[in-house]
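User: I'm new to this protein and would like a friendly walk through it. Could we go piece by piece?

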Amino acid sequence: MKISYDWLRDYLEIDDTIEHVCKLLTDIGLEVEATEVFETVKGGLRGVVVGEVLSCRKHPNAEKLNITSVDVGNESVLEIVCGAANVEAGQKVPVALVGTVLYGDNGEEFEIKRRKIRGLDSNGMICAEDEIGISSEKSHGIMVLDKDLPVGMPASEVFNVKSDYIIEIGLTPNRADAMSHFGVARDIKAAYERLNKNFIWNSNKAIDNFSISSKDKDCISVKVEDEVLAPRYAGLSISNLKIMPSPKWLQDRLISIGVSPVNNVVDITNYISHDLGQPLHAFDLDQIRGGIVVRRASKGEKITTLDEIERELHTDDLVICDSEKPMCIAGVLGGKLSGVSNNTDKIFLESAYFNPVSIRKTSKRHSINTQSSFKFERGIDPNLCLYALKKAALLICEIAGGEISSDIFDNYPNPIKASVIDFSIDRAQRIIGKEMSSSEIKSILKSLEIEIISENKNSLNIQVPAYRVDVEREIDVIEDVLRIYGYDNIEPSEKVSIPIISNDKKNCPEKITGIIADYISYNGFNEIMTNSLTKESYTTASNSLKENEYVKILNPLSSDLSLMRQTMLFGGLEVISFNINRKETDLKLFEFGNVYRQVGEDYIEKKQLSLFVTGKRGSDNWIKKYQDVDLFYSKGILENILNKLGIKDTEYVPVKNDLFSEGLGIELDGKTIASMGWVSSNILKRANVKQGVIFIDFYWDEILESLREDNIKHEDMAKYPKVRRDLSLLLDEGVSYQQILKASTRAELKILKEVDLFDVYQGENLPKGKKSYSISFVLQDQDKTLTDKRIEKTMNKIQSALELQFGATLR
């Protein structure tokens, strides 16, 4: 938000540096992000002076050029080559001296230099209006000034060039009271009172001369049908207007804060909005048929707004209508047909307080962001409506030559009550961390226009003004007291208490998450962060994603952001698609994030870790060519992460999920803790990904739950050698390696250390429905060297178990 320093001083007359004011604003919570100098003529006409043309003769080497002698004061006479046809001796003219920087109408700067023109020196430039920036229209000759102006007078004084500081404030959403110059000045005033600094506060006296010329001349009926969405609605008529450009002071004020002037009436409504924070709207009175009605839109009703877009209205939109049509989307944007035009000679001027929630929903629903919606949806001062209306009406009468031709209509049946709060001085001192005196706290409350209704020992009953929509609780008032008192004035305590946080894994899931994130990164993965909101079109992508379990956003910004995600798959695929389209095809990505479901009346939020692998396993180089990723490679990544977490004894089960074309589920004690597989072609097509992607999904909450008990055991390194034995087994096709592993481990718990499948064969020379597994078994005793007899006994026990459970036979 941009604030003019000169404009601020209309309310608060201070003698202070801009640097101190900016520091003070930041200290009281209105953080200054930048400052810049604004000049009514860019460059301030520095280096441009009044000169007198003493002589003028033709250039000997150019028919259309003249050589002039110009007196610029200080006994300096310059020879300047000039191409203007209207230059004559005896004229007073603006002269840009050598070294002056001028700005054209396009804003580009150029420096005046001493240079030769057709063989003769030129020591400056006699300027036209557009060349010095005081006119945007193309000039056809030099500017001739009043002959009574003294030679050498700075042009900035001739044209009354003014400069101002523009302060850009990073306004937080809760500070609706500071959305205007008046609101910011009010906050500075409170800080100055706290610091006992001198200032003059010019309270609102701008409406002392308000009067109504004729109450009945242009009286129009107004009916407010929805007083919930329009708690206050006021307006009046002004006639005999003349629409024209605004005076220069008004245009300069608006331009300084980045608002483009339109015409005098529209400019005044914009001026009041930035001056007081009260948006106004002017309707062409001749375009209103039968009176004004404030109501909700009817189903299918349409309006063409000022941006010339036809919009279909929602039944929850509040509109300002006449008897035939909607004229304005209340608090958001006006209609094209009822707006002020060059032919307008009378208006109805509206000043209202609209329901903030309603305005925000309408603004988001139609994707319209205006200064009015920005203010209304945050909450304006309902008690300022009439003052702003009267101030604007007086300005319009003064500038546009109009007269107030109706009485004021003001519908405010249920005045918005100010918040009443019990405030404990003791509690405030404890939270602030300093023993502030009771009188000092009460003084700050008074400076913030917070009224003390009653007082009992160290307890106050206070009333907060209605414009402070963010102050609803005692803690909000304490925060206000502290920001005006100054955070820098709170000395650090001599005693600092630091809570001790356990580093046990069961108490520190963030630590585990950080360790795993680092581990994945070290293995060549890049972390991504995707939006928790997802497209509605993804609801039909998979039968495993139940449409009735999606958490829906009540007021989505767009259809692409209307649901909370049930899986992180689609966000990751969008990242992959983006990168593949930019020739990045070998990707390894991961993300920690939350997924959301609604089951009945309950909302469920769970954390997950998702990995995405596509393309080659690494970047080829002169030493090594990498293979494409596959399930075995991805399964190794998954198992390494589980090993890092200390999770063992997992089981692999077939995955029943149409997100995958093929894949596996990983179970621990009967609970699924992860799944992985190739993403189905249907899903890839929806995400516009044209190469295979492996998706690994860890159910992080379940994993953390399994780590609550520390089951890590330590044992000495084995002193005795390992022994390996191999078995080639003939098995039914339906027997999995996971089943073999589980049965072998159960058959020998003590000395069987490793089981590994090193060869699989299916094909010729095998009975139908059979396959061959070649499996290695590693045996080791911690206490002694294994004997052949014990090794043979162990292998026979394992073989017997496999024969009994699976009908396995040796090949």
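Analyst: Here's a short run of questions and answers on this predicted model.

User: Let's start with the big picture. Into which domains is the protein chain divided?

Analyst: Walking along the chain, you meet domain 1, which comes in two pieces (2-40 + 164-201), and domain 2 (48-161). After those come domain 3 (222-411) and domain 4 (419-489). The list closes with domain 5 (509-707) and domain 6 (723-810).

User: How far apart are the C-alpha centres of domain 2 and domain 4?

Analyst: Domain 2 covers 48-161 and domain 4 covers 419-489. Taking the C-alpha centre of each, the separation comes to 62 Å.

User: Now L25. Is it buried or exposed?

Analyst: L25 sits in helix α2, residues 18-27. Leaving out neighbours within four places in sequence, it touches L30, E31, V32, I167, I169, V184 and I188. Its relative accessibility is 1%, and because the cut-off for buried is under 20%, L25 counts as buried.

User: What is the C-alpha distance between L25 and I169?

Analyst: I169 is among the residues in contact with L25. Along the chain the two are 144 residues apart, yet their C-alpha atoms are separated by 8.6 Å.

User: Let's move to helix α6. Which elements do its buried residues pack against?

Analyst: Helix α6 runs over residues 248-256, and its buried residues are L250, D252, R253, L254 and S256. Just so you can place the end of the helix, α6 is followed by G258, which has a positive phi near 90°. The buried residues pack against β1 (2-4), α1 (5-11), β3 (32-39), β13 (163-169), α7 (264-276) and α10 (385-400).

User: You mentioned α7 and α10. How many nonpolar, polar and charged residues are in their contact?

Analyst: The axes of these two helices come within 10 Å and cross at roughly 145°, with α7 passing α10 in a right-handed crossing. From α7 the contact takes N264, V265, I268, Y271, I272, D275 and L276, while α10 brings Y387, A388, K391, A392, L395, I396, I399 and A400. Sorted by class, that gives 12 nonpolar, 1 polar and 2 charged residues.

User: Next, E449 and K457. Which of the words buried, partly exposed or exposed fits E449?

Analyst: E449 is in the loop between α12 (438-447) and β28 (451-456). It has a positive phi of about 60° although it isn't a glycine. With a relative accessibility of 36%, E449 is partly exposed.

User: And K457, buried or exposed?

Analyst: K457 lies in the loop between β28 and β29. Its phi is positive too, near 55°, and K457 is a residue other than glycine. At 75% relative accessibility, K457 counts as exposed.

User: Which residues does UniProt mark as "binding site", and what does D470 touch?

Analyst: The unreviewed UniProt entry puts that feature at D470, D476, E479 and D480. D470 lies in the loop between β29 (459-464) and α13 (474-485), and it's buried, at a relative accessible area of 18%. Skipping residues up to four places away in sequence, D470 touches N174, R175, D177 and D476.

User: On to α14 and α16. What is the angle between them?

Analyst: Helix α14 covers residues 509-522 and helix α16 covers 631-645, with their axes 11 Å apart. α14 passes α16 in a right-handed crossing. I512, I515, I516, Y519 and I520 of α14 meet N640, I641, K644 and L645 of α16, a contact of 7 nonpolar, 1 polar and 1 charged residues. The packing angle is about 145°.

User: What about G571: how far is it from A687 in space?

Analyst: G571 is part of helix α15, residues 569-580, and at 18% relative accessibility it counts as buried. In sequence, G571 and A687 are 116 residues apart. Measuring C-alpha to C-alpha in the model, the distance is 9.1 Å.

User: Last stop. What covers the buried residues of α19?

Analyst: The unreviewed UniProt entry places "domain: FDX-ACB" at residues 718-811, a span that is 32% helix and 34% strand. Helix α19 is residues 737-747, and its buried residues are Q738, I740, A743, S744 and A747. The cover includes β36 (651-654), β40 (723-732), β41 (752-761), β42 (770-779) and α20 (788-806).

Notes. Residues are numbered from 1 along each chain as its sequence is written. This is a predicted model: local features need pLDDT of at least 70, side-chain atom pairs count only at pLDDT 80 or more; totals for chains, interfaces and linings use all residues. Side-chain values use heavy atoms; hydrogens and water are left out. Axes are lines fitted to C-alpha atoms, for helices over the stretch in contact, and angles run from 0 to 180 degrees between N-to-C directions. Helices (H or I, at least four residues) and strands (E, at least two) are DSSP runs, numbered from the N terminus. A crossing is left-handed if the near helix is turned anticlockwise from the far one by less than a right angle, and right-handed if clockwise. Contact means heavy atoms within 4.5 Å. Ala, Val, Leu, Ile, Met, Phe, Trp, Tyr, Cys and Pro count as nonpolar, Asp, Glu, Lys and Arg as charged, and the others, Gly among them, as polar. UniProt positions are given in the numbering used here, feature names are shortened, and annotations may be inferred rather than shown by experiment. Buried means under 20% relative accessible area, exposed over 50%, partly exposed in between (1.4 Å probe, protein chains only). Domain bounds come from an automatic or database domain assignment.
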